[in-house]
2 protein chains.
Amino acid sequence: MSRKEIQEQRIRNYFIDATREILKSEGLKGVNVRAVSERAGYSYATLYNYFKDIKDLVFICVRGFQEECEQYIESQTAACVPGKSKIKAIYRAYISYFVQYPGIFELFFLEQMNSIGGKQPTSELIYSFPDRLSEKEFMYCEENLIFTRAETEILKSDLKLAITGLLLFYLHRQQPTSFAAFNEAVGSILDRHLPD
Amino acid sequence: MSRKEIQEQRIRNYFIDATREILKSEGLKGVNVRAVSERAGYSYATLYNYFKDIKDLVFICVRGFQEECEQYIESQTAACVPGKSKIKAIYRAYISYFVQYPGIFELFFLEQMNSIGGKQPTSELIYSFPDRLSEKEFMYCEENLIFTRAETEILKSDLKLAITGLLLFYLHRQQPTSFAAFNEAVGSILDRHLPD
DNA sequence: TTAATAAAATTAACAATGTTAAATATTTTA
DNA sequence: TAAAATATTTAACATTGTTAATTTTATTAA
């Protein structure tokens, strides 16, 4: 990277960080051109020197949040024994990340992707994210003949759909109405799909 | 209802119908105060004499779409033999309704419910909708000892979550990318949960 | 080093949308 | 039919996204 590119990327990061902070605290409803730019320390129009539009900026945050989520999961599951119980722990941590930051769930799953340009890559990135998180452990299970290849594929798909649905209803529609009931539903799904 | 109330409800319905039409054709992005009012044949400010705000109006449409969806499902499944195969047909028709009207899926599952007033009832209405649709057939299965009560409860919950998740990814993130692959995923879920 | 040029940032302005207030038109009632 | 109540519309304002014109800052060539 040239000197100019480094400086340019630095300023881009000011805007990205500002957007991340707002997404984590207030969610998407708090993100707008003026709020982001002010937090980044620039005028609202400056944003357009570095990003196509505000949606562009918002979706750039996806990858960063995925990395953060991945690190959080690793910190939460480092001590688990490999195999089924670790897979369960990974999904539990994944869920707990989104419960902690509902705005990030909203961004990942609910926000419209109108920008025709970088649309498919981000979609694919989000869709395959849970699979990537549990990839290593499922491979371990296959190697140790705990699951077949076909079982693994079905399990990954089922868990992704069930957990996304569960989070959607809980975070967006407050169904179930209590956190306790939500947790029970999570436990039921994980235990039935991954019995000890 | 008094004469005045009848006339008032009639005008409310003009706005509701206008909103329904826009939701079905253009989706939520096409719904705004001026577009709805113009289609209803009134000035934009008149809307506020009949509805608290535009979100109020939009969520009033939920019940109507549920009725329409219910009728569509009935027309599609009237000839099915009762039991498991009819349950599958019901969920297939349910899915096909939302594939036909992605804007209605968006309204049901993705739209924010900020109006603090009538919020919980609508959430509950949406959450329990798939259960209500299949209620009769699941009762038939219980009576004929095809499923136990506990199995029924788990099945209803699993199907609701899996199908909502599937529709979310397909309609909102275009994952899977082809309709054929989506249909295959639907078939896989239904056949595994409700084997012949 | 400084004047000319290029680049970056800001302010002004406009469009779209939601909403409210003031003004106008219509209907009801005495 | 005139006064009062009701309904509707136009005007106006706030918010947000975006672009254009202007100003400020940085770079470069003499």
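In the predicted model, an N or O atom in the side chain of Arg34(A) lies 2.8 Å from a base nitrogen of DNA strand D, and a base nitrogen of this strand is 3.0 Å from a side-chain N or O atom of Tyr44(B). The backbone is also involved: a polar backbone atom of Ile54(A) is placed 3.4 Å from a phosphate oxygen of DNA strand D. Polar contacts are pairs of N or O atoms within 3.5 Å. The model is predicted, with local features requiring pLDDT of at least 70 and side-chain atom pairs pLDDT 80 or more, whereas totals for chains, interfaces and linings use all residues; side-chain values use heavy atoms, without hydrogens and water. Residues are numbered from 1 along each chain as its sequence is written, with chains lettered from A and ligands numbered from 1 in the order in which they are written.

DNA strand D is surrounded by 18 residues (a heavy atom within 4 Å of the strand), the closest being Val33(A), Ser43(B), Thr46(B), Asn49(B) and Tyr50(B). Of the strand atoms within 4 Å of the protein, 49% belong to sugar or phosphate and the rest to bases. Helix α2 (33-40) of chain A and helix α3 (47-50) of chain B each supply at least two residues of this surface.

Around DNA strand C there are likewise 18 residues, of which Ser43(A), Thr46(A), Tyr50(A), Val33(B) and Arg34(B) come nearest. Sugar and phosphate make up 50% of the atoms of DNA strand C within 4 Å of the protein. Phosphate oxygens of this strand lie 2.6 Å from a polar side-chain atom of Thr46(A), 2.9 Å from a side-chain N or O atom of Tyr48(B) and 3.4 Å from a polar backbone atom of Ile54(B).

Chain A can be laid on chain B with an RMSD of 0.1 Å by a turn of 180 degrees and a shift of 0.0 Å along the axis, which is the relation of a two-fold axis. The superposition is by least squares on C-alpha atoms of residues with pLDDT of at least 70 in both copies. Because 100% of the interface residues of chain A are also interface residues in chain B, the copies meet through the same surface.

Within helix α2 of chain B (residues 33-40), Ser37(B) is buried, with a relative accessible area of 0%; buried denotes under 20% (1.4 Å probe, protein chains only). Beyond its neighbours within four places in sequence, Ser37(B) contacts Phe15(B), Tyr42(B), Ser43(B), Tyr44(B) and Leu47(B), with contact meaning heavy atoms within 4.5 Å.

Notes: A polar contact is a pair of N or O atoms within 3.5 Å; within protein, one must be able to donate a hydrogen and the other to accept it, and residues adjacent in sequence count only if both atoms are side-chain atoms. Helices (H or I, at least four residues) and strands (E, at least two) are DSSP runs, numbered from the N terminus. Buried means under 20% relative accessible area, exposed over 50%, partly exposed in between (1.4 Å probe, protein chains only).
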